[in-house]
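Here's a small set of exercises to work through with the model open beside you. Try each task before reading its solution.

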Amino acid sequence: KDQSPSPKAPFPCITLAARKELWVIWKSDPRVPTVASRHAWAASRNVSALRVDHWFGARKSRAKKLGQPISNDSYELSLE
């Protein structure tokens, strides 16, 4: 019997619709939402919370590299 560990389940990519929604959110308020609200948002759209976390992290990192100040204040991301 094969004793190799089972491969980890991949983190599904963010759907195009969810990605477009994230861009609208970011352009209207370029801050990083709270972890809990990001995870609730991801669950409500059936996307990976880890991918959503990384998406916001990448936006913040990119803004910082471009010299665009991003507030460290967080907010609750709406599930609407």
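**Exercise 1: The loop between H2 and H3**

Asn46 counts as exposed because its relative accessibility is 72% (exposed means over 50% relative accessible area, buried under 20%, partly exposed in between, with a 1.4 Å probe and protein chains only). A word on the ground rules: this is a predicted model, where local features need pLDDT of at least 70 and side-chain atom pairs count only at pLDDT 80 or more, while totals for chains, interfaces and linings use all residues. Residues are numbered from 1 along each chain as its sequence is written, and side-chain values use heavy atoms, leaving out hydrogens and water.

Task: place Asn46 and Arg45, then work out what is special about the backbone of Asn46 and what Arg45 touches.

Solution.
- Step 1. Asn46 is in the loop between H2 and H3, and Arg45 is found in that loop too. Helices here are DSSP runs of H or I with at least four residues, strands are runs of E with at least two, and both are numbered from the N terminus.
- Step 2. Check the backbone: Asn46 isn't a glycine, yet its phi is positive, about 60 degrees. Most residues other than glycine have a negative phi.
- Step 3. Look across the chain: the C-alpha atoms of Asn46 and Ala18 are 9.4 Å apart, with their positions 28 residues apart along the chain.
- Step 4. Now Arg45: setting aside neighbours within four places in sequence, Arg45 is in contact (heavy atoms within 4.5 Å) with Glu21, Leu79 and Glu80. Its side chain reaches the backbone oxygen of Leu79 at 3.4 Å.

**Exercise 2: Which face of H1 is buried?**

Task: compare the span of H1 with its expected value, then sort its residues into buried and exposed.

Solution.
- Step 1. The 13 residues of H1 should span 18 Å at 1.5 Å a residue, and the end C-alpha atoms are 19 Å apart, which agrees. The expected span is 1.5 Å times one less than the number of residues.
- Step 2. The buried residues of H1 are Ala18, Leu22, Ile25 and Trp26. They cover an arc of only 95 degrees around the axis, which puts them on the same side of H1; the arc is taken over directions from the helix axis to the C-beta atoms.
- Step 3. Flip to the other side of H1, and you'll find Leu16, Ala17, Lys20, Val24, Lys27 and Ser28 exposed.
- Step 4. As for what covers the buried residues of H1, the list includes H2 and H3.

**Exercise 3: H3 from end to end**

Task: describe H3 by its span, its two sides and its ends.

Solution.
- Step 1. H3 runs over residues 49-65, 17 residues in total, and reaches 24 Å from its first C-alpha to its last, close to the 24 Å expected.
- Step 2. Its buried residues are Val52, Asp53, Trp55, Phe56, Arg59 and Ala63. Seen down the axis of H3, they fall within an arc of 160 degrees, so they line one face of the helix.
- Step 3. That buried set packs against H1 (16-28) and H2 (35-44), while His54, Arg62, Lys64 and Lys65 are exposed on the other side of H3.
- Step 4. At the N-terminal end, Ser48 acts as the cap, with a side-chain oxygen 3.3 Å from the backbone nitrogen of Leu50. After H3 comes Gly67, with a positive phi near 75 degrees.

**Exercise 4: The core and the whole chain**

Task: find the hubs of the largest nonpolar core, then zoom out to the chain.

Solution.
- Step 1. The largest nonpolar core has 16 residues, and Trp41, Val52 and Phe56 have the most contacts inside it. Such a core is a set of buried Ala, Val, Leu, Ile, Met, Phe, Trp, Tyr and Cys residues joined through side-chain atoms within 4.5 Å.
- Step 2. H1, H2 and H3 each supply at least two residues of this core.
- Step 3. Beyond its neighbours within four places in sequence, Phe56 has contacts that include Leu22, Ile25, Trp26 and Leu77.
- Step 4. Zooming out, the protein chain has 3 helices and 0 strands, and 30% of its 80 residues count as buried.

Definitions and conventions: Polar contact = N/O pair within 3.5 Å; in protein donor to acceptor, adjacent residues only side chain to side chain.
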